[in-house]
Amino acid sequence: MLCVATSLLLPGCGGGDLTPFDPSQRSGMALHEDEKRIWGQSQEEQQQLDRSGHLYDNPEITAYVNRVAQGLMPPQTEPSVLQIQVKIVRNPLLNAFAFPHGVIYVHTGILARMDNEAQLATLLGHEMTHSTHRHAVQSIRTIKTTSATLASLGVVLLPFGYFGNLVAVLGQIGGMAAVTGYSRSLESEADRVGLERMAAAGYDPQESPKLFQYLKRDLEEQKLDEPFFFGTHPKLVDRIEEFQEQVKDRYAARFGITNAETFRRVMQPLFLENAQMDLAIGRFQSAESGLVRYLARYPQDAQAHYWLGEVYRQRGEEPDRDKAVQAFENAIQVDPGFADPYRSLGTMWFKQENWKEAQSAFERYLALSPAATDKAFIENYVEVLRKK
């Protein structure tokens, strides 16, 4: 729970429910004085995040998630004070959050766990509702937040390195949305309205609980618990219960589109890059799971085989050596001109004092990549090996 500056509040302003923005009103709705201040701070925090280097730069994927978001708005929607826009954060930790003025951020980590567009629509519908129903303003007005957690979060996020440092970029409002979420009643409203939005857009409501079931299973299998809102086990349990109850009560016999193939095709590069991010922070099981899942769909991707080999090589457990060799050999079989697997094989053989195999692998690497940035370093290895 983060401390939200009391200077944002107007004296005497109560909590109370706020009327949701009506998308059918061309002129939008007027903002309250304290709400204007909250929006002003939100825009400053958003601009700081956008300049931080944490955004994922893939125009096709960004355009795609925005098309899905726009499809969740009612057909009569007119330009108004609230403009929904989705941006992607390059971060393998599970999260998504929305600023009050309509900018939604989705981590690559949560996108990489999805199977289809219907699940994406579920998440976007939930986050969109936080903005359209003015949840941040309601939450700040009730002053239920305290100043307890930013310092402790810095410690909790240390193992995640650069990706955990995101919390330092988030301001007070972004931190509230990204880390703690809102009250149970507001989160329940976001679940309910978000589900209505995705079902009205023609998506399959049966997919909504599945997304959070996948996330929960992923955290349990890997014994993880992340500090961001969608990466904590108790909150995932809440989401699953909410969606299961809603689907059972209102959409039991209702099905719709999933657009799974389109989703997987567009998201293909993100799946691979997110697995590399997991590897970068030593989340070997998460990286392995993501790459195995990816290769089940794209078995002819040499890069994916190589990175799976790197997971095994860097983890270095007893069964991993043979798995790493096999993965690197798979990469070479798919693309014989791919140099990187030879460098990794050379490193492995060198550590095992298999001098002949190491020399052969390093020489092949240099032949395939004569302008490699580590050329001098590898040449030193080869020179040492020739004297063995």
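In the next few minutes I will go through the overall make-up of this predicted model, then its sheet, one helix pair, one buried methionine and two loop residues.

Let me begin with the whole chain. The protein has 19 helices and 3 strands, and of its 388 residues, 53% are buried. The exposed surface comes to about 17,100 Å², and carbon and sulfur atoms supply 51% of that area. If we take the contacts between residues at least 6 apart in sequence, 72% of them join residues that are at least 24 apart.

Now to the sheet, which is open, has 3 strands in the order 1-3-2, and shows mixed pairing. Its edge strands are strand 1, residues 85-89, and strand 2, residues 96-98, each of which pairs on one side only. From one strand to the next, the twist averages 20 degrees. Strand 3, which covers residues 103-107, pairs with strand 1 in the parallel sense, and 5 bridges connect the two. If you would like one position to look up on the screen, take I88, whose bridge partner in strand 3 is V106. Helix 1, residues 33-50, packs on this sheet and touches strand 1, strand 2 and strand 3, with its direction at about 35 degrees to that of strand 3.

Helix 1 also has a helical neighbour to consider, namely helix 9, residues 172-180, and the two pack at an angle of about 80 degrees with their axes 8 Å apart. Because angles from 65 to 115 degrees count as roughly perpendicular, that is the term that applies to helix 1 and helix 9. On the side of helix 1 the contact is made by I38, Q41, S42 and E45, while helix 9 contributes Q172, I173 and G174. Sorted by character, the residues of this contact divide into 2 nonpolar, 4 polar and 1 charged.

Which residues does M267 touch, once those up to four places away in sequence are set aside? They are I61, Y64, V65 and L111. M267 itself lies in helix 13, residues 260-280, and it is buried, since its relative accessible area is 0% and the limit for that term is under 20%. The pair of M267 and V65 is worth a moment on its own, as these residues stand 202 positions apart in sequence, yet their C-alpha atoms are 9.9 Å apart in space.

I will finish with backbone geometry at two loop residues. As background, most residues other than glycine have a negative phi. R134, however, has a positive phi, near 60 degrees, and this arginine sits in the loop between helix 4, residues 117-132, and helix 5, residues 135-142. The second case is E353, where phi is likewise positive and near 60 degrees, and this glutamate belongs to the loop between helix 17, residues 340-351, and helix 18, residues 355-368.

Are these two residues buried or exposed? R134 is buried, with a relative accessible area of 4%, whereas E353, at 55% relative accessibility, counts as exposed because the cut-off for that class is over 50%. So, for anyone inspecting the model, R134 offers a positive phi at a buried loop position, and E353 offers a positive phi at an exposed one.

Methods
Residues are numbered from 1 along each chain as its sequence is written. This is a predicted model: local features need pLDDT of at least 70, side-chain atom pairs count only at pLDDT 80 or more; totals for chains, interfaces and linings use all residues. Side-chain values use heavy atoms; hydrogens and water are left out. Two strands pair if DSSP finds at least two bridges between them. Helices (H or I, at least four residues) and strands (E, at least two) are DSSP runs, numbered from the N terminus. Axes are lines fitted to C-alpha atoms, for helices over the stretch in contact, and angles run from 0 to 180 degrees between N-to-C directions. Contact means heavy atoms within 4.5 Å. Buried means under 20% relative accessible area, exposed over 50%, partly exposed in between (1.4 Å probe, protein chains only). Accessible areas come from the Shrake-Rupley method with a 1.4 Å probe; for residues, only the protein chains shown count as cover. Angles under 35 degrees count as roughly parallel, over 145 as roughly antiparallel, 65 to 115 as roughly perpendicular and the rest as oblique. Ala, Val, Leu, Ile, Met, Phe, Trp, Tyr, Cys and Pro count as nonpolar, Asp, Glu, Lys and Arg as charged, and the others, Gly among them, as polar.
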